[in-house]
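Good morning, and thank you for making time for this item on the agenda. I would like to take you through one model, from its overall dimensions down to a few individual residues.

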Amino acid sequence: MNIKCIIFDCDGVLVDTEKIGNEILLGMAGEYGFKMKLEDAYRNFNGRNLKECFLYIENEIGHKLPEDFENQYREKSFEAFKKDVKPMEGVEDFIAKLKIPYCVASSGPEDKIRLNLETAGLLDKFENKIFSSYTIKSWKPDPEIFLHAAKEMGFAVNECIVIEDSKAGVMAGVKGGFKVYGFTNENNAADLKQEGAILFSSFEELSTILEI
């Protein structure tokens with residue numbers, strides 16, 4: 001494996017949170033007239049700044065969401081994450097086999113990243129290797145979060161790979177010049193392929209691809 005550092009996305013790559021977060025968001029937004037299927041929420045919202053998601057909803061319903069909508073969403077989702085978040089299948093074994101540095105770079109706030117990793121039993125693997133878009137005020141699909149992570153880890157772009165599951169995340173990685181591996185599910189494969197990701201459907205498959 002001619003790779004010196006792996007940059008993981010968090011939600012949907014390390015921890016299984018996407019269904020929880022999207023269901024809560026759709027349920028809350030539905031009270032204000034917003035309608036969207038869960039699979040479309042994955043496509044439109046995953047990997048993006050939460051405020052962009054709220055703006056999308058407001059444009060669709062034609063009026064502003066309440067000022068405390070974000071706080072309510074944070075509270076409800078954090079409570080759900082504390083109870084229900086699990087590591088993605090196979091990721092613990094994959095990390096255990098790694099002989100090179102790795103980190104996590106996410107659009108979410110650092111406290112959310114830490115909460116989800118802790119609940120999933122992965123926080124000890126990522127201490128001092130957590131990079132949040134909120135720290136640098138730049139969100140996917142802009143590439144800065146991945147460029148920041150690579151720089152902080154001490155590696156050039158061509159020495160790193162990015163592992164993503166969202167269209168916005170793949171776009172960010174490709175824009176930044178990284179080789180991006182797209183973790184596919186029933187909703188995202190076509191989008192990730194279109195944006196230039198190398199597709200895989202399990203961490204066992206990724207281990208084979210990377211010869212780990």
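I shall begin with the whole chain, turn to the sheet and two of the helices, and close with some backbone details.

Please keep in mind throughout that this is a predicted model. The secondary structure amounts to 12 helices and six strands. As to overall dimensions, the C-alpha atoms occupy a box of roughly 50 × 35 × 30 Å along the principal axes. A compact globule of 212 residues would have a radius of gyration near 17 Å, and the protein has 17 Å, so the two agree. Of the 212 residues, 53% count as buried. Among contacts with a separation of 6 or more, 66% are between residues 24 or more positions apart. The surface exposed by the protein comes to about 10300 Å², and carbon and sulfur atoms supply 46% of that area.

Let me now turn to the sheet. In what order do the six strands of the sheet run? The order is β3-β2-β1-β4-β5-β6, in an open sheet with parallel pairing. The edges are formed by β3, residues 130–132, and β6, residues 198–200, each of which pairs on one side only. From one strand to the next, the twist averages 25°. One helix that packs on this sheet is α9, residues 144–153, which touches β1 (5–8), β2 (102–106), β3 and β4. The direction of α9 makes about 150° with that of β2.

Within the sheet, I would draw your attention to β4, residues 160–164. On one side, β4 runs parallel to β1, and four bridges join the two. In that pairing, I7 stands opposite V162 of β4. Four bridges also join β4 to β5, residues 179–183, again in parallel. Here I161 stands opposite K179, and I163 stands opposite Y181.

Are the residues of β4 mostly covered or mostly exposed? They are mostly covered, since five of the five are buried. As a general point, side chains in a regular strand alternate between the two faces of the sheet. In β4, C160, V162 and E164 lie on one side, while I161 and I163 lie on the other, and all of these are buried. Both faces of β4 are therefore covered, with a glutamate, E164, among the buried residues.

I move on to the helices, beginning with α1. Helix α1 covers residues 18–30, which is 13 residues. From its first C-alpha to its last, α1 reaches 18 Å, close to the 18 Å expected at 1.5 Å a residue. Which residues of α1 are buried? They are E18, I20, G21, N22, I24, L25, L26, M28 and A29. An α-helix has 3.6 residues a turn, so residues three or four places apart point the same way. The buried residues of α1 pack against three other helices, namely α2 (38–45), α3 (50–61) and α4 (69–84).

Helix α4 also contains K82. K82 has a relative accessibility of 46%, and because the exposed class begins only over 50%, this lysine counts as partly exposed. Leaving aside residues up to four places away in sequence, K82 touches L115 and T119. K82 and L115 are 33 residues apart in sequence, yet their C-alpha atoms are 7.2 Å apart in space.

Finally, some backbone details. Most residues other than glycine have a negative phi, and most peptide bonds are trans. Where in this model is there a cis peptide bond? One joins K140 and P141, with omega about 20°. P141 is found in the loop between α8 (133–136) and α9, the helix that packs on the sheet.

Two residues with positive phi also deserve mention. N128, which is not a glycine, has phi near 65°. N128 is found in the loop between α7 (123–126) and β3, an edge strand of the sheet. With 74% relative accessibility, N128 counts as exposed. E211 likewise has a positive phi, of about 60°, although it is not a glycine. E211 is found in the segment after α12 (203–210), and at 65% relative accessibility E211 counts as exposed.

To summarise, we have an open, parallel sheet of six strands, with β4 buried on both faces. Thank you for your attention.

Key:
Residues are numbered from 1 along each chain as its sequence is written. This is a predicted model: local features need pLDDT of at least 70, side-chain atom pairs count only at pLDDT 80 or more; totals for chains, interfaces and linings use all residues. Side-chain values use heavy atoms; hydrogens and water are left out. Two strands pair if DSSP finds at least two bridges between them. Axes are lines fitted to C-alpha atoms, for helices over the stretch in contact, and angles run from 0 to 180 degrees between N-to-C directions. Contact means heavy atoms within 4.5 Å. The expected span of a helix is 1.5 Å times one less than its number of residues. Buried means under 20% relative accessible area, exposed over 50%, partly exposed in between (1.4 Å probe, protein chains only). The radius of gyration is taken over C-alpha atoms; the globule rule is 2.2 Å times the number of residues to the power 0.38. Accessible areas come from the Shrake-Rupley method with a 1.4 Å probe; for residues, only the protein chains shown count as cover.
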